[in-house]
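The following report looks at how charged and nonpolar side chains are placed in one protein model. Please keep the sequence and the coordinates at hand while reading.

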Amino acid sequence: MGRPSRAVRAAITQRRTDAIDLKAAGVDLLTIGRKLAADPTVNSDGVAYPEGYGAEKYQQGLEPPSDKGLIDMACRDVREALAERAAALGDSTDQLRQLMMERLEKLFFPMYRQAIRNGDYQAVDRAVRIIERECRLLGLDQPTRTELSGPDGAPVQVEAGTLEELERLIGLAGGQPAERAEG
């Protein structure tokens with residue numbers, strides 16, 4: 001099977017766009033599958049969706065995809081559409097990051113020169129702040145280490161409680177303890 005024509009690729013792109021739009025609107029995958037099905041007997045609108053799910057079967061006069069098949073195809077379209085959008089967003093983010101780096105570099109040099117030549121402490125401060133911003137933008141900063149501690153800086157005490165204690169606490173909080181499974 002060769003590569004699909006430009007028209008077929010455009011129809012598939014439109015189908016994926018429709019699938020992600022429906023998913024974003026809160027529509028379940030089976031409904032999406034039925035709405036975008038190629039076979040009018042399965043399609044919720046009663047029409048043949050161009051390059052819809054099961055298009056090959058419909059063109060050959062075969063049985064339409066099952067509900068599970070429609071769900072799988074809709075899920076694949078949503079997943080691929082999200083991946084394509086994430087990749088496009090990633091490219092845009094990288095380009096924006098590069099633009100911001102260029103701007104910071106242009107701001108840095110005059111501050112650096114003024115700090116070195118004139119000993120201007122405000123220029124030193126500005127140069128350091130530009131360097132800090134560049135480091136954050138590039139992800140060069142080390143993550144901040146955080147530790148949990150108990151009262152007065154003592155270690156946190158972790159104790160195992162019994163099921164009865166847990167049920168008592170749930171009751172105090174106003175909840176209903178779950179029924180125990182007999183085992």
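Which residues are linked in a network of salt bridges? In this model, which is predicted, the network joins Arg15, Arg16, Asp77, Glu80 and Glu84. The structure as a whole holds nine salt bridges.

**Charge pairs**

As general background, side chains of opposite charge can pair when their charged atoms come close. Three of the pairs are set out here, each with its N to O distance.

| Pair | N to O distance | Place |
|---|---|---|
| Asp77 and Arg15 | 2.6 Å | helix α4 and helix α1 |
| Asp21 and Arg85 | 3.8 Å | helix α1 and helix α4 |
| Lys68 and Asp72 | 2.9 Å | both in helix α4 |

The pair of Asp77 and Arg15, whose side chains meet at 2.6 Å, links distant parts of the chain, since Arg15 belongs to helix α1 (residues 6-24) and Asp77 to helix α4, 62 residues apart. Both partners are buried, and for Asp77 the relative accessible area is 2%, which is why this residue counts as buried, the limit being under 20%. Asp77, which sits in helix α4 (residues 67-118), is also in contact with Arg16, Ala19 and Tyr53, in addition to Arg15, when its neighbours within four places in sequence are left aside.

The salt bridge between Asp21 and Arg85, with its closest N and O atoms 3.8 Å apart, likewise links distant parts of the chain, with Asp21 in helix α1 and Arg85 in helix α4, 64 residues apart. Here Asp21 is partly exposed at 42% relative accessibility, and Arg85 is partly exposed at 45%. Lys68 and Asp72, by contrast, both lie in helix α4 and are four residues apart, about one turn of the helix; Lys68 is exposed, with a relative accessible area of 57%, whereas Asp72 is partly exposed at 38%.

**A buried charge without a salt bridge**

Where is the nearest side chain of opposite charge to Glu134? Glu134, in helix α5, is buried yet has no salt bridge, and that nearest side chain, Arg133, is 9.7 Å away. Leaving aside neighbours within four places in sequence, the contacts of Glu134 are with Met101, Leu104 and Glu105.

**Surface patches**

Arg133 also takes part in a surface patch of positive charge, where it gathers with Arg126, Arg129 and Arg136; of these, Arg136 is found in helix α5. A nonpolar surface patch of about 240 Å² is formed by Leu96, Leu99 and Met100. Within this patch, Leu99 belongs to helix α4 and is partly exposed, with a relative accessible area of 35%.

**Loop residues**

Is Leu36 buried or exposed? Leu36, in the loop between α2 and α3, is buried at 2% relative accessibility. Not counting residues up to four places away in sequence, Leu36 touches Arg15, Asp18, Ala19 and Leu22, and also Asn43, Tyr49, Gly52 and Tyr53. Leu36 and Gly54, which are 18 residues apart in sequence, have C-alpha atoms 9.4 Å apart.

Glu51 is placed in the loop between α2 (29-35) and α3 (55-59), and has a positive phi of about 55° although it is not a glycine; its relative accessible area of 23% makes Glu51 partly exposed. Asp152, in the loop between α5 (121-138) and α6 (163-172), has a positive phi of about 60° and is not a glycine either, while its relative accessible area of 85% makes Asp152 exposed.

Methods
Residues numbered from 1 in each chain as written. Predicted model: local features only at pLDDT ≥ 70, side-chain atom pairs only at ≥ 80, totals over all residues. Heavy atoms only, no water. Helix = DSSP H or I, 4+ residues; strand = E, 2+ residues; numbered from the N terminus. Buried < 20%, exposed > 50% of the residue type's maximum accessible area, 1.4 Å probe, protein only. Contact = heavy atoms within 4.5 Å. Patch = residues over 30% accessible without salt bridge, like charges linked within 9 Å, V, L, I, M, F, W, Y side chains within 5 Å. Areas by Shrake-Rupley, 256 points an atom, 1.4 Å probe, with all protein chains shown as cover. Salt bridge = Lys/Arg side-chain N within 4 Å of Asp/Glu carboxyl O. Lys, Arg positive; Asp, Glu negative; His and termini not counted. Charge placed at Lys NZ, Arg CZ, Asp CG, Glu CD.
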